[in-house]
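Reader: Please take one part of this model and go through it closely. I would like the metal site and the space around it.

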Amino acid sequence: MFADLHLHTLFSDGTYTPDELAGHARRLGLAAVAITDHDSMEGCDWMASACAQNGLEFVPGVELTAELDGYELHLLGYFLDRHHPRLVRELARFQVVRQNRIREMVARLNQLQIPLQADAVFALANCHAPGRPHVARALVQAGFVSCLDEAFDRFLKKHRPAWVPKFKLPAADAVTLVHEAGGLAVMAHPGINHIDHLIPPLVEAGLDGLECFHAKHSTATTEYYLLLADAHRLLVTGGSDCHGLSKGKPLIGTVKLPYDYFARLKAAAPPARSTG
Ligand code: AMP
Ligand code: FE
Ligand code: FE
Ligand code: ZN
């Protein structure tokens with residue numbers, strides 16, 4: 001039995017609906033899934049019912065953008081009460097800033113004589129937490145670039161002309177927010193961030209777990225983080241970070257978190273939250 005605890009839906013920059021994700025998960029034989037949209041939990045009600053229909057355990061989650069010592073890091077929250085007032089407020093703030101950031105990126109593109117319209121990006125994104133992938137897709141759709149990679153490489157990557165920094169919550173505040181909302185706080189994909197020196201201060205701030213299994217972690221990287229999690233007595237999570245198709249195939253299920261780790265995560269979650 002396996003879980004995939006890192007999935008994006010079209011409520012952020014994923015391309016699948018909750019129904020599509022749950023269908024894939026059932027066909028792949030997964031036992032449990034979590035959705036972790038960037039700065040949004042709007043997909044959770046739909047995903048909860050899709051999972052119930054497909055006989056899957058569901059964990060409401062989120063991927064928060066955070067920072068520590070000037071480094072960006074992604075903090076996963078699991079088993080959250082998505083109606084917790086402060087969480088609702090903070091997510092709304094993230095979303096307003098994301099929408100303003102889209103306008104700023106479009107203004108920069110316009111200065112480069114690329115007449116993309118912000119409304120075209122919002123229409124395509126059709127969600128409250130739009131991001132760079134939506135700008136990239138709008139650029140492709142309008143024919144200004146030939147593919148998403150070209151959009152990122154020419155315009156949207158860090159230090160490229162249409163790149164606009166993102167709002168980030170101080171990491172300790174993000175951990176506190178997750179805890180206040182009844183959840184567990186997990187550092188996402190440490191193997192792609194190269195900020196291991198931040199793990200001890202995050203543990204100090206109350207970090208609960210480490211995402212040891214991830215689509216971009218090699219076996220050696222996963223083993224390294226399993227040892228690190230053990231050394232810091234952190235819970236272990238994992239997931240594919242599926243945003244939709246990758247190289248023509250759905251990424252969901254390509255990372256299989258052994259159910260034992262998921263059982264330990266559930267056992268650590270506050271009782272009211274531990275089933276879904
Ligand atoms: P944002 O949250 O708006 O900064 O966008 C970050 C998201 O963009 C990541 O979660 C990825 O889904 C996506 N992304 C980042 N770099 C690339 C890239 N080079 N090509 C395609 N997607 C990317
Ligand atoms: Fe993403
Ligand atoms: Fe991430
Ligand atoms: Zn993600």
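Author: **The iron site and its pocket**

The iron ion (ligand 2) and the iron ion (ligand 3) lie 6.0 Å apart. This is a predicted model, in which local features need pLDDT of at least 70, side-chain atom pairs count only at pLDDT 80 or more, and totals for chains, interfaces and linings use all residues. Residues are numbered from 1 along each chain as its sequence is written, chains are lettered from A and ligands numbered from 1 in the order in which they are written, and side-chain values use heavy atoms, with hydrogens and water left out.

Asp13 (OD), His38 (NE2) and His243 (NE2) coordinate the iron ion (ligand 2) at 2.1 to 2.3 Å; donors are N, O and S atoms within 2.8 Å of the metal (3.2 Å for Na, K and Ca), and water is not among the atoms, so sites may look incomplete. Along the chain, the donors of this iron ion (ligand 2) have the spacing D-x24-H-x204-H. Asp13 sits in the loop between strand E1 (2–7) and helix H1 (18–28), and His38 in the loop between strand E2 (32–35) and helix H2 (44–53), so the pair ties together parts 25 residues apart in sequence. Helices (H or I, at least four residues) and strands (E, at least two) are DSSP runs, numbered from the N terminus. Asp13 and His38 are both buried, meaning under 20% relative accessible area (1.4 Å probe, protein chains only).

Pro133, in helix H5 (residues 132–141), is in contact with Asp13 and Phe152, leaving aside its neighbours within four places in sequence. Contact means heavy atoms within 4.5 Å.

Conventions
Buried < 20%, exposed > 50% of the residue type's maximum accessible area, 1.4 Å probe, protein only.
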